[in-house]
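Here are a few questions of the "how do you know" sort, on cysteines and on a pocket. Take a look at the model and see if you agree with the reasoning.

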Amino acid sequence: MILHRVRDGLPLMNLVKLRAVPILQQLHLEERLLRSSSDNWCIINDGTNRPNIVMGISGRPSELIDLKSVLSDHVPVIRRFSGGGTVIVDDGTIFVTFICNKDAIPGLQPYPHPIMSWTGQLYGDVLHGFGGFHLQENDYAFGTQKFGGNAQSITKNRWVHHTSFLWDYDINNMEYLKLPSRAPKYRSARPHVEFLCRMKEYVPSRSTFIERTLAALGNHFSVKSIQQDRVIDPSGTLHSGSKLLTRQELEEAYSSQCEKLRMATTPV
């Protein structure tokens with residue numbers, strides 16, 4: 001337990017900076033800190049080790065991803081413990097996560113929209129002067145092009161808000177994702193290449209973005225760096241809500257999808 005909860009008149013936030021930690025390991029860490037810690041945390045993971053598809057807790061593979069190509073190319077698919085949509089992440093992704101007690105930010109109600117609005121204001125400060133930042137529904141965008149996807153999990157006394165920022169991306173990888181049936185209005189049915197943008201086209205460097213994020217966070221918290229080895233659990237997390245889907249699960253989903261398609265096209 002951290003003894004000094006408040007420093008310099010601000011609540012304390014522990015900062016963990018990671019580099020290319022596997023996204024599943026990061027999700028296990030986040031959930032453990034959400035459920036077993038009573039402290040505020042910021043986790044920044046600059047990239048992940050290989051491309052992974054990450055779905056929200058209620059996501060259905062057959063509706064969200066191109067199962068045939070995912071199986072053919074052996075792309076890992078993870079179901080995370082939080083809500084939100086489906087993304088494909090890789091070394092071009094910057095991950096930023098806030099894990100907070102419900103009373104950590106004065107006046108902030110621990111519900112999805114207020115948390116989203118607060119983070120939108122925070123990143124508005126971070127990205128001031130770069131490309132016209134907007135909080136578009138539940139996404140971060142430059143104008144009407146998305147570069148940041150968000151997901152949340154809220155418990156009785158704590159909440160987590162995590163974001164995958166598209167510093168860069170491989171457009172070919174986006175082809176693994178289907179166009180979602182429940183898309184934000186501002187997407188206007190645009191394909192991935194028209195809907196998304198790369199942060200690197202607006203912000204000078206990855207380090208600039210990370211440094212400005214920490215500076216903006218310092219307006220709300222007293223930030224204390226924690227070494228990675230103090231929080232990473234090498235044995236993994238038991239009973240985690242985030243899991244890697246097995247090949248059998250993906251094959252069964254694909255088989256079911258093909259059978260439904262066959263039935264739909266068979267004359268009665």
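What follows is a short round of questions and answers on this predicted model.

Q: How do you know that cysteine 42 has no bond to the closest cysteine sulfur?
A: The closest cysteine sulfur sits in cysteine 100, and the gap is 8.7 Å. A disulfide needs the two sulfur atoms within 2.5 Å, so 8.7 Å is too far for a bond.

Q: What does a search of the whole structure find in the way of disulfides?
A: Zero disulfides turn up. Coming from the other end, cysteine 100 has its closest cysteine sulfur in cysteine 42, at 8.7 Å, so that one is too far for a bond as well.

Q: Why is cysteine 42 called buried?
A: Its relative accessibility is 0%, and buried means under 20%, so cysteine 42 fits the label.

Q: What makes cysteine 100 buried rather than exposed?
A: Its relative accessible area is 0%. Exposed would take over 50% and buried takes under 20%, so cysteine 100 is buried.

Q: How much space lies in the largest pocket, and which residues are closest to its centre?
A: About 1400 Å³. Of the 50 lining residues, the closest to the centre are Arg80, Gly84, Gly85, Thr86 and Asn150.

Q: Which element gives the most to the lining of the largest pocket?
A: That's β10, with seven residues. Other elements that supply at least two include α1 (23–36), β7 (93–101) and α4 (112–126).

Q: What makes up the lining of the largest pocket, by residue class?
A: It divides into 20 nonpolar, 20 polar and 10 charged residues. Glycine counts as polar here, so Gly84 and Gly85 go with the polar group.

Terms used. Residues are numbered from 1 along each chain as its sequence is written. This is a predicted model: local features need pLDDT of at least 70, side-chain atom pairs count only at pLDDT 80 or more; totals for chains, interfaces and linings use all residues. Side-chain values use heavy atoms; hydrogens and water are left out. Buried means under 20% relative accessible area, exposed over 50%, partly exposed in between (1.4 Å probe, protein chains only). On a 1 Å grid over the protein atoms alone, a cavity is a set of points where a 1.4 Å probe fits but cannot get out, and a pocket is an open set with protein on both sides within 12 Å along at least five of seven lines; lining residues have an atom within 4 Å of a point. Grid points are joined across faces, edges and corners, and a volume is the space filled by probe spheres set on the points. Helices (H or I, at least four residues) and strands (E, at least two) are DSSP runs, numbered from the N terminus.
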